[in-house]
Amino acid sequence: MKNTKDIIITLVHGTFAQKNKWAKNNSIFCESINKHTNRRIEFRTFKWSGDNKHVARIEEAKMFCKYIEELDLSKSVHYVIAHSHGGNLVNYAEKFCPEIEHKIKGKIFLATPHFKVEKRDLKKSEFLFDWMG
């Protein structure tokens, strides 16, 4: 995907939000960002199913990897703004395809749940359970 902009910002909508207005390149959100910079910005939207299923986000993360790999960033830097489970999709993509990390200069997550999911040793939290009675 060729570009002539200084900055590319990929917008990733959240769950059930395929038609969300903020994630369109002519939205008030994008216009507000453009008003506060003299840099040339190209907004792109990564559309995914928006299904509220873990397996859907995993599959879409693989598609996001492919999308990022195909970006031509020879003359620009790339940022991602993701909402809700769209943020988890981005995090999964970096986990599955660590080679894309160098193509993303920064990420902004808006109301993304489950930022980091991992097994924990609950013994480290015993004091909390003791305190709660």
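## Working through a predicted model

The side chains of Glu59 and Lys62 form a salt bridge, with 3.5 Å from N to O. Keep in mind that this is a predicted model. Let's use that pair as a warm-up and go from there.

**Exercise 1. Work out where Glu59 and Lys62 sit, and whether each is buried or exposed or in between.**

Step 1: Find the element. Both Glu59 and Lys62 belong to helix α2, which covers residues 54-69.

Step 2: Look at the spacing. The two residues are three apart, about one turn of the helix.

Step 3: Check the cover. Partly exposed is the class between under 20% (buried) and over 50% (exposed). Glu59 has 43% relative accessibility, so it counts as partly exposed. Lys62 has a relative accessible area of 42%, so Lys62 is partly exposed too.

**Exercise 2. Trace the salt bridges of Asp6: which residues does Asp6 pair with?**

Step 1: Start with the total. The whole structure holds five salt bridges.

Step 2: Pick out the first partner. Arg39 meets Asp6 side chain to side chain, at 3.8 Å from N to O. Arg39 is in the loop between α1 and β2, while Asp6 is in the segment before β1, so this pair ties together parts 33 residues apart in sequence.

Step 3: Add another partner. Arg40 also makes a salt bridge with Asp6, this time at 3.1 Å, N to O. Since Arg40 lies in the loop between α1 and β2 and Asp6 in the segment before β1, the pair links parts that are 34 residues apart in sequence.

Step 4: Read off the accessibilities. Asp6 is partly exposed at 22%, Arg39 is partly exposed at 40%, and Arg40 is partly exposed at 46%.

**Exercise 3. Check the length of helix α3 and say why it counts as largely enclosed.**

Step 1: Count residues. Helix α3 runs over residues 85-96, which makes 12 residues.

Step 2: Compare the spans. At 1.5 Å a residue the helix should span 16 Å, and its end C-alpha atoms are 16 Å apart, so the two agree.

Step 3: Look at burial. Nine of the 12 residues in α3 are buried, so the helix is largely enclosed by the rest of the structure. Among the buried ones are Gly86, Leu89, Val90 and Tyr92.

Step 4: Connect α3 to a strand. Gly86 of this helix is buried, and its C-alpha atom is 9.3 Å from that of Phe46, though the two residues are 40 apart along the chain. Phe46 belongs to strand β2, residues 41-46. At 7% relative accessibility, Phe46 is under the 20% cut-off and so counts as buried.

**Exercise 4. Name the residues of the positive surface patch, then place Lys24.**

Step 1: List the members. Lys19, Lys21, Lys24 and Lys47 make up the patch.

Step 2: Place Lys24. This lysine is in the loop between β1 (7-12) and α1 (28-35).

Step 3: Check its cover. With a relative accessible area of 34%, Lys24 is partly exposed.

**Exercise 5. Step back: how many helices and strands are there, and in what order do the elements run?**

Step 1: Count them. The protein chain has four helices and four strands.

Step 2: Put them in order. From the N terminus on, the pattern is β-α-β-α-β-α-β-α.

Step 3: Finish with overall burial. Of the chain's 133 residues, 42% count as buried.

Note on methods:
Residues numbered from 1 in each chain as written. Predicted model: local features only at pLDDT ≥ 70, side-chain atom pairs only at ≥ 80, totals over all residues. Heavy atoms only, no water. Patch = residues over 30% accessible without salt bridge, like charges linked within 9 Å, V, L, I, M, F, W, Y side chains within 5 Å. Areas by Shrake-Rupley, 256 points an atom, 1.4 Å probe, with all protein chains shown as cover. Salt bridge = Lys/Arg side-chain N within 4 Å of Asp/Glu carboxyl O. Lys, Arg positive; Asp, Glu negative; His and termini not counted. Charge placed at Lys NZ, Arg CZ, Asp CG, Glu CD. Buried < 20%, exposed > 50% of the residue type's maximum accessible area, 1.4 Å probe, protein only. Expected span 1.5 Å × (residues − 1).
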